[in-house]
Amino acid sequence: MKIVAKNIRHLRKLKGLTQEALAEHLNVSRSRIGSYEENRSAPTIEFLIQLSDFFKLPIDILLKNDLTKSKDASFIEIGNQRVLFPITVDTDSDDLIEIVPAKASAGYLSGYDDPEYIEQLQKIKLPFLPTGKHRAFPIKGDSMLPMKDGAFVVGRFIEDRNEIKTGRTYVLVTLNDGMVYKRVMNNIDFNGSLLLMSDNKTYNDYSVPIDEVLEIWEFTCSINTQEYTEEELKISSILSMFNELGVELKALENVMK
């Protein structure tokens with residue numbers, strides 16, 4: 001259990017926690033944390049489950065891999081899988097969200113796995129988000145109306161490709177198409193690809209082989225950076241927009257007349 005002992009200590013320090021603080025989060029004694037970190041006793045299954053939930057890392061990774069190799073990074077390579085650590089915290093140990101700036105979004109493709117690039121990104125705290133590693137990405141264009149150009153999508157990092165749900169929207173970092181925000185149809189089991197669909201039907205759907213998907217982030221919330229104009233908020237404009245998206249709103253239109 002020497003690897004587990006090293007991992008507990010390493011992850012605790014990456015999170016910026018004392019033994020006492022980690023013990024409080026996991027509802028155990030500080031001496032118990034010390035005993036595990038010093039390899040004087042083996043952690044129980046219940047404790048490993050708690051640790052796994054707290055650090056958002058699978059138990060087998062905690063048991064089988066020396067995570068100290070990730071000392072200067074926010075991720076570790078496990079075979080062909082890239083596992084992110086949700087370790088960016090503020091002074092209150094609350095998770096922070098990195099923001100990929102619009103002007104530098106093109107550079108994310110080359111910098112997404114560079115810890116120095118990720119470290120220099122600005123960060124915000126959104127305490128209402130569910131558990132998991134989140135990041136905010138800028139939206140360009142009008143392919144995903146009513147999401148406005150310049151808005152930001154906050155996504156939760158998807159580690160397991162089996163979690164990709166057909167019909168949900170995701171930010172994808174792809175090998176050949178860069179960073180895109182699309183609605184996804186999961187065809188991995190059928191032909192090894194994802195069908196990417198725009199909500200604005202003037203844009204064509206297209207497929208991306210799953211092997212070309214470098215990262216995928218599931219929509220959690222959006223941040224609009226522009227105010228809607230009075231014209232945009234008129235019922236007629238809203239109906240027109242939805243009709244452009246291919247949504248049938250004839251019944252609603254009749255009610256509004």
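In helix α4, the buried residues (buried meaning under 20% relative accessible area, exposed over 50% and partly exposed in between, with a 1.4 Å probe and protein chains only) are F47, L48, L51, S52, F54 and F55. These residues cover an arc of only 165 degrees around the axis (the arc being that of the directions from the helix axis to the C-beta atoms), which puts them on the same side of α4. The model is predicted, so local features need pLDDT of at least 70 and side-chain atom pairs count only at pLDDT 80 or more, whereas totals for chains, interfaces and linings use all residues. Residues are numbered from 1 along each chain as its sequence is written, and side-chain values use heavy atoms, with hydrogens and water left out. Helices (H or I, at least four residues) and strands (E, at least two) are DSSP runs, numbered from the N terminus.

**Helix α4 and F47**

- The face of α4 turned away from its buried side carries I45, E46 and D53, which are exposed.
- The cover over the buried residues of α4 includes α1, α2, α3 and α5 (59–64).
- F47, found in helix α4, counts as buried because its relative accessibility is 0%.
- Leaving aside neighbours within four places in sequence, F47 is in contact (heavy atoms within 4.5 Å) with I8, L26, V28, R32, I33 and Y36.
- One of these partners, L26, is 21 residues from F47 along the chain, and the C-alpha atoms of the two residues are separated by 8.1 Å.
- K56, which comes just after α4, takes a positive phi of about 55 degrees.

**Helix α2**

- Q19, L22, A23 and L26 are the buried residues of helix α2 (residues 19–26).
- They span an arc of only 100 degrees around the axis, and therefore lie on the same side of α2.
- As general background, an α-helix has 3.6 residues a turn, so residues three or four places apart point the same way.
- E20 and E24 are exposed on the other side of α2, while the buried residues of α2 pack against α1 (2–14), α3 (30–37) and α4 (45–55).

**Positive phi at asparagines**

- Most residues other than glycine have a negative phi.
- N27, although not a glycine, has a positive phi of about 60 degrees; this residue follows α2 and is placed in the loop between α2 and α3.
- N27 is exposed, because its relative accessible area is 71%.
- N39 likewise is not a glycine and has a positive phi of about 60 degrees, and its place is in the loop between α3 and α4.
- With a relative accessibility of 38%, N39 counts as partly exposed.

**Strand β9 and its partners**

- Five of the five residues of strand β9 (residues 193–197) are buried, and the strand is therefore largely enclosed by the rest of the structure.
- S193, L195 and M197 point one way from β9, whereas L194 and L196 point the other way, and all are buried.
- In a regular strand, the side chains alternate between the two faces of the sheet.
- Strand β8 (residues 178–187) and β9 run antiparallel and are joined by five bridges (two strands pair if DSSP finds at least two bridges between them), with N187 standing opposite S193 in β9.
- Strand β10 (residues 206–209) pairs with β9 over four bridges, again in the antiparallel sense, and S207 in β10 is the bridge partner of L195.

**E215 in strand β11**

- E215 lies in strand β11 (residues 213–223) and counts as buried because its relative accessibility is 1%.
- The side chains of E215 and W217 are joined by a polar contact of 2.9 Å.
- A polar contact is a pair of N or O atoms within 3.5 Å; within protein, one must be able to donate a hydrogen and the other to accept it, and residues adjacent in sequence count only if both atoms are side-chain atoms.

**Confidence**

- The protein chain has a mean pLDDT (the predictor's confidence in each residue, from 0 to 100) of 78, and 75% of its residues reach 70 or more.
- Among the elements of the protein chain, β9 has the highest mean pLDDT (96) and helix α10 (residues 250–256) the lowest (44).
- Over residues 86–90 pLDDT stays under 50, and the model has 20 contacts beyond four places in sequence for them.
- Over residues 247–257 pLDDT also stays under 50, and for these the model has seven contacts beyond four places in sequence.
- Where pLDDT is low, the predicted coordinates should not be read in detail.
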